[in-house]
Amino acid sequence: MPGSAPHLTAADGARLLLASQALLGPPPAGGLCGLIEHLGYVQLDSINMVERAHHLILGSRSADYDPSRFEALLDQRLLFEHWTHDASAIPLQWYPNWHLRFPRSRARILASPWWRERIGDRAEALLAEVLERIRVEGPLRSADFERAVKGGEAGWWGWKPHKAALELLWHTGALAVAGRTHFHKSYDLAERVFPAAHALPAPEPEAHLEWACATALARLGLATPKELAAFWNAVDPAEAALWCQAALAAGRIERVEVEPRDGGPAKPCFAVPDWRERLAALPEPGEAMVILCPFDPILRDRARTLRLFGFDYRFEAFVPEAKRQYGYYVLPILEGAALVARVDAKFHRERGVLEIKGLWWERGVRPGKARLRRLRTALEGLARRIGAGELQFA
């Protein structure tokens with residue numbers, strides 16, 4: 001019956017999400033590999049204004065996080081790099097699910113004018129040429145191929161044809177990331193990088209849908225069908241909605257309504273069946289502060305972050321400077337189970353200084369002496385993790 005679903009407060013919804021994403025409650029078992037599996041994946045990003053995104057995400061959840069251990073997981077082929085909603089490091093056990101994405105990605109990319117413009121008119125010949133060179137020579141980087149246009153830009157918008165071909169072959173499963181040097185990818189044949197996983201068959205569509213939705217809900221605690229579909233970006237919202245109805249009928253999930261922070265109408269969602277037990281088992285949030293990466297999983301969905309936390313967050317690195325409200329690389333501050341502030345930060349590596357260029361408290365948050373001490377402690381911890389010897393406020 002409409003209106004008969006249990007109601008959760010926004011605070012309870014936020015606590016479920018935080019616990020599901022390893023920011024509240026006991027740490028997951030299994031060390032770093034267990035943490036990444038608990039999260040589902042960890043996003044990779046090239047911006048290094050403070051630290052690489054994956055190191056910030058993992059460091060905010062593990063007091064003894066060591067970046068070299070993450071690199072070791074990649075070297076040991078326990079993780080693979082591929083696309084979820086963005087480039088990510090993913091536990092290798094889920095690699096077969098990407099077999100279903102590869103042909104869809106190929107059709108989408110080859111139909112894209114953006115890619116066509118960069119690959120050029122001889123796309124198939126170029127793809128064959130790139131594959132043959134890697135087959136014969138082994139792992140290669142984009143820099144190992146001749147520039148098509150001398151003096152052309154090498155950035156995102158200035159991709160040369162060979163770079164576009166390498167990325168297409170990676171997106172479509174022929175190539176895999178074999179390693180990185182200064183964050184630049186080297187590519188090899190997927191069957192050489194992940195021979196056993198690459199040889200496994202793709203799951204049946206029904207099994208793939210079950211994996212995509214069930215693993216997403218376990219890592220969100222509660223979600224709409226659209227949010228489930230967006231977690232892996234592997235199925236569409238209509239498919240996720242059908243899965244929710246079947247799982248609900250089978251008693252595997254529960255319908256709930258979550259009251260938003262702004263006091264508006266409750267949001268219909270689906271929750272893990274043990275959501276009550278999960279909430280009851282969680283400790284009180286406490287007052288410790290955590291500095292979050294702009295790409296943290298709890299921030300990825302702007303509407304959900306606003307609904308559950310009352311925190312309106314937009315990543316402004318790609319916004320023209322004159323139109324930015326806060327700054328280029330703004331880090332949200334989590335205090336207990338609330339998002340209370342944000343800082344604009346930059347790590348000056350040549351001087352070993354982490355500069356805090358701006359600080360903004362959320363409306364209604366009073367920055368008393370105790371809170372300012374907690375913030376400084378959190379920022380000093382971040383500085384130590386990234387190797388900054390000095391914390392400096394502008």
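This is a short talk on strand β13 and its two neighbours in a predicted model.

Okay, so let's start with the strand itself. β13 covers residues 338–348, and it's mostly tucked away: nine of its 11 residues are buried.

Who sits beside it? On one side of the sequence there's β12, residues 330–335. β12 and β13 run antiparallel, with six bridges joining them. If you want a spot to click on, take Val-330, which stands opposite Asp-344 in β13. The two strands make a hairpin with two residues between them, and Gly-336 in that turn has a positive phi of about 65°.

Now carry on along the chain to β14, residues 353–361. That pairing with β13 is antiparallel too, and here we have eight bridges. One pair to look at is Val-343, whose bridge partner in β14 is Leu-359. Again it's a hairpin, this time with four residues between the strands. There's a glycine with positive phi in this turn as well: Gly-352, at about 70°.

Let me zoom in on one residue of β13, Ala-341. Buried or exposed? Ala-341 counts as buried, because its relative accessibility is 0%, and the cut-off for buried is under 20%.

So what does Ala-341 touch, leaving out residues up to four places away in sequence? From the β12 stretch and its surroundings, the list includes Leu-331, Pro-332 and Ile-333. Leu-359, Trp-360, Trp-361 and Glu-362 are on the list as well, and so is Phe-311.

Last one: Ile-291 is 50 residues from Ala-341 along the chain, and their C-alpha atoms are separated by 9.7 Å.

Methods. Residues numbered from 1 in each chain as written. Predicted model: local features only at pLDDT ≥ 70, side-chain atom pairs only at ≥ 80, totals over all residues. Heavy atoms only, no water. Buried < 20%, exposed > 50% of the residue type's maximum accessible area, 1.4 Å probe, protein only. Pairing = 2+ DSSP bridges. Contact = heavy atoms within 4.5 Å.
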